[in-house]
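I opened the notebook for this chain today. The plan is to look up how the helices pack, then the odd backbone spots, then the cysteines.

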Amino acid sequence: MKDLAITIIDDEEDILELLRYNFEKERMQVATYTSGYDGMAHIRSQRPDCVVCDWMLGDIDGIEICRLIKRDKELEYIPFIMLTARNDEIDVVTALELGADDYVTKPVRIKELICRVKKTLRRQRGLPESLGLTKRSITSVNRRETVAERRCFKNIVIDTEKYKAYLDQSELGLTHSEFKLLHLFVNRPGKVYSRNQIIEKLNGMDYIVTERSIDVQIVGLRKKLGHCKDYLETVRGVGYRLRD
């Protein structure tokens with residue numbers, strides 16, 4: 001059984017070599033590229049298990065690569081981790097709104113990045129901590145998921161197998177982050193989640209997203225819900241809930 005495959009795109013050769021060495025020590029197959037276009041071609045043909053990409057590249061920037069992956073029905077499931085020196089809140093929000101699964105700032109801390117990649121893969125595949133992160137364990141879990149999981153709330157339908165959400169039978173066209181946010185609320189209608197609880201539930205406590213970025217994502221989700229935007233209720237001084 002092949003090891004998990006990761007594609008890393010960065011225009012600094014020394015960073016690529018450092019990351020390749022350390023991820024290979026974790027028994028991962030590593031493909032590295034300094035060109036965004038070449039990296040994107042590899043992603044389309046090989047469909048790796050995870051992508052780590054720098055924002056600033058010489059040809060096409062990482063945010064555009066994220067956009068291309070998350071808008072491609074054949075690739076959108078691939079976890080995307082932005083690795084960048086940009087640490088302004090607006091940059092974090094922009095990447096998350098486009099569907100990035102995590103955002104790691106430079107200078108790169110190797111052990112932290114490896115930990116984040118593993119956590120992202122576990123979260124995306126629904127694997128428990130006790131199960132080894134290998135191709136075999138992922139396949140074993142997926143084989144038990146023989147029926148597409150659906151969640152419904154009033155006229156909203158969540159398809160967790162296809163990562164799609166529907167309102168009045170029309171697809172909402174959510175970003176990956178918006179989908180996870182709506183899925184959280186639909187699972188527990190009426191439950192109030194604080195901003196910190198939302199961050200923890202969706203991404204883990206060590207995630208760098210700010211409370212303000214959650215507000216921005218809520219605004220975006222309400223906009224896409226259109227005439228049903230009032231389903232998402234603000235509980236003043238606490239957080240948000242799906243009004244049951």
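How do the axes of helix 4 and helix 9 cross, and within what distance do they come? I note first that this is a predicted model.

**Entry 1: helix 4 and helix 9**

I looked up helix 4, residues 89-97, against helix 9. Their axes come within 10 Å and cross at roughly 40°. An angle from 35 to 65 degrees falls outside the parallel and perpendicular classes, so I wrote these two helices down as oblique to each other. The crossing of helix 4 and helix 9 is right-handed.

Next I listed who touches whom. Helix 4 brings Glu89, Val93, Leu96 and Glu97. Helix 9 answers with Arg212, Ser213, Val216 and Gln217. By class, I get three nonpolar, two polar and three charged residues in the contact of helix 4 with helix 9.

**Entry 2: helix 7 and helix 9**

I stayed on helix 9, residues 211-225, and turned to helix 7, residues 176-187. The axes of this pair come within 10 Å and cross at roughly 80°. That makes helix 7 roughly perpendicular to helix 9.

From helix 7, the contact takes in Ser177, Glu178, Leu181, Leu182 and Phe185. From helix 9 it takes in Gln217, Ile218, Gly220, Leu221 and Lys224. The class tally for helix 7 with helix 9 is five nonpolar, three polar and two charged residues.

I also marked Gln217 of helix 9. It meets helix 4 in one list, and Gln217 appears again in the contact with helix 7.

**Entry 3: helix 2 and helix 3**

I then checked helix 2, residues 36-46, and helix 3, residues 62-70. Their axes come within 11 Å and cross at roughly 20°. Angles under 35 degrees count as roughly parallel, so helix 2 and helix 3 are roughly parallel to each other. The crossing of helix 2 and helix 3 is right-handed.

Gly36, Met40, Ile43 and Arg44 are the helix 2 residues in this contact. On the helix 3 side I found Ile65, Leu68 and Ile69. The contact of helix 2 with helix 3 has five nonpolar, one polar and one charged residues.

**Entry 4: Leu75**

Which residues does Leu75 touch, leaving out those up to four places away in sequence? I got Met40, Ile43, Arg44, Arg47 and Ile69. Met40, Ile43 and Arg44 of helix 2 and Ile69 of helix 3 also belong to the contact between those two helices.

Leu75 itself lies in the loop between helix 3 and strand 4, residues 80-84. Is Leu75 buried or exposed? At 1% relative accessibility, Leu75 counts as buried. I also took one distance. Leu75 and Arg44 are 31 residues apart in sequence, yet 7.4 Å apart in space, C-alpha to C-alpha.

**Entry 5: backbone oddities**

Most residues other than glycine have a negative phi, and most peptide bonds are trans. I went looking for exceptions.

Arg27 has a positive phi, near 65°. Arg27 sits in the loop between helix 1 (13-25) and strand 2 (29-33). Its relative accessibility is 59%, so Arg27 counts as exposed.

Gln169 has a positive phi too, about 70°, and is not a glycine. Its place is the loop between strand 8 (164-167) and strand 9 (170-171). Gln169 is exposed, at 79% relative accessible area.

Which peptide bond did I note as cis? The bond from Lys106 to Pro107 is, with omega near 0°. Pro107 is found in the loop between strand 5 (102-105) and helix 5 (110-125).

**Entry 6: cysteines**

I searched the whole structure for disulfides and got zero. I looked up the accessibility of two cysteines as well. Cys115 is partly exposed, with a relative accessible area of 32%. Cys228 is buried, at 4%.

**Entry 7: whole chain**

To finish, I took the totals. The chain has nine helices and 12 strands. Buried residues make up 50% of its 244 residues. I also looked up contacts between residues at least 6 apart in sequence. Of those, 58% join residues at least 24 apart.

How values were computed
Residues are numbered from 1 along each chain as its sequence is written. This is a predicted model: local features need pLDDT of at least 70, side-chain atom pairs count only at pLDDT 80 or more; totals for chains, interfaces and linings use all residues. Side-chain values use heavy atoms; hydrogens and water are left out. A disulfide is a pair of cysteine sulfur atoms within 2.5 Å. Buried means under 20% relative accessible area, exposed over 50%, partly exposed in between (1.4 Å probe, protein chains only). Helices (H or I, at least four residues) and strands (E, at least two) are DSSP runs, numbered from the N terminus. Axes are lines fitted to C-alpha atoms, for helices over the stretch in contact, and angles run from 0 to 180 degrees between N-to-C directions. Angles under 35 degrees count as roughly parallel, over 145 as roughly antiparallel, 65 to 115 as roughly perpendicular and the rest as oblique. A crossing is left-handed if the near helix is turned anticlockwise from the far one by less than a right angle, and right-handed if clockwise. Contact means heavy atoms within 4.5 Å. Ala, Val, Leu, Ile, Met, Phe, Trp, Tyr, Cys and Pro count as nonpolar, Asp, Glu, Lys and Arg as charged, and the others, Gly among them, as polar.
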